[in-house]
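Welcome! Please take a look at the sequence and structure below, and then read on for a short tour.

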Amino acid sequence: MAFTRAPGKHRRPSRMQRGTARAAGVAALAGSGVVGSLAVPALAAEPAAAQTGLTPVVTLGDAVADRIDAQAAAQHEAAREAAETAARKAAEQAARERAAEEAEQARAEQVRAAREAERKRLNTFVSPIPGSYVSTGYKSGGAVWSSGSHTGVDFHAAGGTPVQSVGIGTVVEAGWGGAYGNQVVIKMNDGTYTQYGHLSSIAVSVGQQVAAGQQIGLSGATGNVTGAHLHFEARSGADYGSDLDPVAYLRAHGVNL
């Protein structure tokens, strides 16, 4: 048998409608200022916060905040490490640059020292016979010299005494020199000339480079002499007559006589 809904009757409100009405009623009471014993039980009948989903939302918010804090901390740590790395690299680069600069300065100093040593070596002069002395001075007069005066100086030396170049130069004459006997003439590094006469033997040849203190022969008594000795001359040019004071010449080059 079928039942039909009576005319003019309303269906029972649904759960959603009831809940909505309830909420509207509570809102109306709150809006009108009616807060009494009736409102509390009505509100208490509402679902707990845990049932409404509020707690999960709060928990989710805390988790997000923790992740943000962790990310911020990680970013801060990464920035700190990057700054430390950059500072370390900058310090290392500065150290490398300082080391390179110091090495360059050391190389420059070595070059200067080498040049200075070479300059001193080139300008170093010695006596033609170490430990000897001048027995006949420059410009001494007498018939023994064809020019009327001595154009050099004589160093005391027994026959066979080693004779050495007074400085760096190139041999331009090595052989018989007439009145000078066996002689060696050297063009010095500074453009002047030195002559070594009356040698008993010659140890160098024309074109040979010689150094200060290098043996070039042995003293003797060849040529126009009265006894063994070394005749030494200093000249401004290669020709006879351009003689200089030999003692002043050697002293000007640092030789003590």
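## Salt bridges in helix 4

Glu84 has a relative accessibility of 42%, so it counts as partly exposed; that label lies between buried, under 20% relative accessible area, and exposed, over 50% (1.4 Å probe, protein chains only). Its partner Arg80 is partly exposed at 34%. The two side chains form a salt bridge at 2.4 Å, N to O, where the term means a side-chain nitrogen of Lys or Arg within 4 Å of a carboxyl oxygen of Asp or Glu. Both residues sit in helix 4, four residues apart, about one turn of the helix. Helices (H or I, at least four residues) and strands (E, at least two) are DSSP runs, numbered from the N terminus. Glu77 joins Arg80 and Glu84 in a network of salt bridges.

The structure has seven salt bridges, including Arg107 with Glu104 at 2.7 Å, N to O.

## How to read the model

This is a predicted model, in which local features need pLDDT of at least 70 and side-chain atom pairs count only at pLDDT 80 or more, while totals for chains, interfaces and linings use all residues. Residues are numbered from 1 along each chain as its sequence is written, and side-chain values use heavy atoms, leaving out hydrogens and water.

## A residue in strand 5

Asn182 belongs to strand 5 (residues 182-188). With 18% relative accessibility, Asn182 counts as buried. Beyond its neighbours within four places in sequence, its contacts include Trp176, Tyr196 and Thr222; contact means heavy atoms within 4.5 Å.
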